[in-house]
Amino acid sequence: MEIFIRRTANEIGDFAANMIEPFVKQGATLGLATGSTPSPTYQALIRKHREEGLSFADCDAFLLDEYYGIDQHHEQSYWSTIRRELTASIDIDDAAVHSLSSSAADPEQEAATYESMMKDAGGVDIQLLGIGANGHIAFNEPTSSLSSRTRLIDLRPRTIADNARFFDSEDEVPRQAMTQGIGTILEAKKILLIATGAAKAEAVQAMIEGPLSSFCPASSLQMHNDVCILLDEAAASGLGDVEFYKEIDAYWR
Ligand code: F6R
């Protein structure tokens, strides 16, 4: 794991966008996350598109996950969120932005179809990830198999409570989601995980310095050979070896 610590979420957004840019220029398959964390990165990518002519026309994209049991056009569906946050503001073909269905009658079939679409696209070249305060990646909640594939999952109370801020009340947060599995995510060629804010500090510590465990699904990234972790100071505050990570980072800068 390569670990980079920056002062602010905006600095991290610029850093992440600079890492993603060469992939975009090659017409890569992008793995996209939703939630609050990637917003500064998406803002930076939109700026590159508008001000520097970075074109996404040859890219395609796969979302990590989607709430299950809400309308696709609900403003908090991830289908809507990614359009609002990124894809409506760049020149990617809307048909090339793939997401899991929020209402598939047969979730198993939906999951299998999604996996084969990803395979047909040649797999994800660069996957952007956030992390849940409980250590989840995508919606792989604690105790998810480290080799899990795309599937329907029950959300944990912590995730429902954390995501209530996007809805009028906690009761409106869907209780289930479709998510790429941990095994699916680990097949991405490169992974970029961003964590910002003190609420993520414990999960970040477990991901980087804790044991490989399904209790912290993000610890599965220890098994991947090309992972960059981008943190702000608050998210890095629980790390035991923080000075070492900063030294290595400064050495290569
Ligand atoms: C969203 C996703 C989730 C979020 C995580 C953090 O597509 O995959 O794992 O990355 O819940 O959410 P935020 O960024 O809102 O703190």
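Start with Arg165: in this predicted model, one of its polar side-chain atoms sits 2.8 Å from an oxygen atom of the ligand. His136 does something similar, with a polar side-chain atom 2.7 Å from a ligand oxygen. Ser36 joins in through its backbone instead, where an N or O atom lies 2.8 Å from an oxygen atom of the ligand. As for how covered the ligand ends up, it would expose 410 Å² taken alone, and the protein buries 94% of that.

Now zoom out to the whole shell. There are 15 residues around the ligand, and the closest are Thr37, Asp65, His136, Ala138 and Lys200. Sorted by class, that shell is made up of five nonpolar, seven polar and three charged residues. And where does all this happen? The space that the ligand takes is the largest pocket.

Next, it's worth laying the annotation over the geometry. An unreviewed UniProt entry puts the feature "active site" at Asp65, Asn134, His136 and Glu141. From this set, Asp65 and His136 are part of the lining of the largest pocket. His136, then, turns up in the annotation as well as in a polar side-chain approach to a ligand oxygen. Asp65, for its part, lies in strand E4, which runs over residues 65–68, and it is among the closest residues to the ligand.

Finally, the wider frame. The unreviewed UniProt entry also gives a domain, "Glucosamine/galactosamine-6-phosphate isomerase", at residues 8–224. Within that span, 34% is helix and 15% is strand, and the C-alpha atoms at its two ends lie 26 Å apart.

Definitions and conventions
Residues are numbered from 1 along each chain as its sequence is written. This is a predicted model: local features need pLDDT of at least 70, side-chain atom pairs count only at pLDDT 80 or more; totals for chains, interfaces and linings use all residues. Side-chain values use heavy atoms; hydrogens and water are left out. UniProt positions are given in the numbering used here, feature names are shortened, and annotations may be inferred rather than shown by experiment. Helices (H or I, at least four residues) and strands (E, at least two) are DSSP runs, numbered from the N terminus. A residue is near a molecule or strand if one of its heavy atoms lies within 4 Å of it. A polar contact is a pair of N or O atoms within 3.5 Å; within protein, one must be able to donate a hydrogen and the other to accept it, and residues adjacent in sequence count only if both atoms are side-chain atoms. Accessible areas come from the Shrake-Rupley method with a 1.4 Å probe; for residues, only the protein chains shown count as cover. On a 1 Å grid over the protein atoms alone, a cavity is a set of points where a 1.4 Å probe fits but cannot get out, and a pocket is an open set with protein on both sides within 12 Å along at least five of seven lines; lining residues have an atom within 4 Å of a point. A molecule sits in a cavity or pocket if more than half of its atoms lie within 2 Å of its grid points. Ala, Val, Leu, Ile, Met, Phe, Trp, Tyr, Cys and Pro count as nonpolar, Asp, Glu, Lys and Arg as charged, and the others, Gly among them, as polar.
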